[in-house]
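Colleague: I have just opened this model and would like to learn how to read it. Could you walk me through a few features, one at a time?

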Amino acid sequence: QVQLVESGGGLVQAGGSLRLSCAASGRALSNYNMGWFRQAPGKEREHVAAINTSGGATYYSDSVKGRFTISRDNAKNTVYLQMNSLKPEDTAVYYCAGGGRTGWRLLQNYDVDYWGKGTLVTVSS
């Protein structure tokens, strides 16, 4: 198994930027397609972004495309989510995830094998 730990969450003003990190341990990160999800209070979990094992392909939800960038450094066993032009509606707990049973984009519930505990991002206006 792989353990995932998110960091980098916090309070930021609208229009600002924040960089989230997801550190993996136990297994090499290169074995897993990775993604970011988020969940706002009272809302369902939302798929944010995904990246394949090599980092050569990325996927973004329409709500964040053009503002967020997912990347990975397999040598450091770390996945990142660079969030720019943040909006109040981006406020949520952000979760790192790994897997890819049916596809590298992690679009199905069955695709995710590992979850981090989450880090809170709050965007003020």
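Colleague: Let's start with strand pairing. In which sense do S7 and S8 pair, and over how many bridges?

Modeller: Keep in mind that this is a predicted model. To read a pairing, look for the bridges that join two strands and for the sense in which the strands run. Here, S7 (residues 68-73) and S8 pair in the antiparallel sense over six bridges. For one matched position, find Phe68, which stands opposite Met83 in S8.

Colleague: What can I look for in the hairpin of S7 and S8?

Modeller: Look at the residues between the strands and at their backbone angles. This hairpin has four residues between its strands, and Asn77 takes a positive phi near 50 degrees.

Colleague: Which other strand pairs with S8?

Modeller: That is S3 (residues 18-25), which pairs with S8 in the antiparallel sense over six bridges. As an example of partners, Arg19 is matched with Gln82 in S8. S8 itself covers residues 78-83 and is mostly covered, with five of its six residues buried.

Colleague: And which strand do five bridges join to S3?

Modeller: S1 is joined to S3 by five bridges, and the two run antiparallel. There, Gln3 stands opposite Ser25 in S3.

Colleague: How do the side chains point along S1?

Modeller: Follow the strand residue by residue and note the face each side chain takes. In S1 (residues 3-7) the side chains alternate: Leu4 and Glu6 point to one face and are buried, while Gln3, Val5 and Ser7 point to the other and are not.

Colleague: Now a loop residue. Why does Leu106 count as buried?

Modeller: The test is relative accessible area, with buried meaning under 20%. Leu106 counts as buried because its relative accessibility is 1%. Leu106 sits in the loop between strand S9 (92-99) and strand S10 (112-115). Beyond its sequence neighbours up to four places away, Leu106 touches several residues, among them Met34, Phe37, His47 and Val112. Gly35 is 71 residues from Leu106 in sequence, yet their C-alpha atoms are 6.9 Å apart.

Colleague: Is Arg67 buried or exposed?

Modeller: Arg67 is buried, because its relative accessible area is 11%, under the 20% cut-off. Arg67 lies in the loop between strand S6 (58-60) and S7. A polar atom of the Arg67 side chain lies 2.9 Å from the backbone oxygen of Ser63. Leaving out residues up to four places away in sequence, the contacts of Arg67 include Gln82, Met83 and Asp90.

Conventions: Residues numbered from 1 in each chain as written. Predicted model: local features only at pLDDT ≥ 70, side-chain atom pairs only at ≥ 80, totals over all residues. Heavy atoms only, no water. Buried < 20%, exposed > 50% of the residue type's maximum accessible area, 1.4 Å probe, protein only. Pairing = 2+ DSSP bridges. Contact = heavy atoms within 4.5 Å. Polar contact = N/O pair within 3.5 Å; in protein donor to acceptor, adjacent residues only side chain to side chain.
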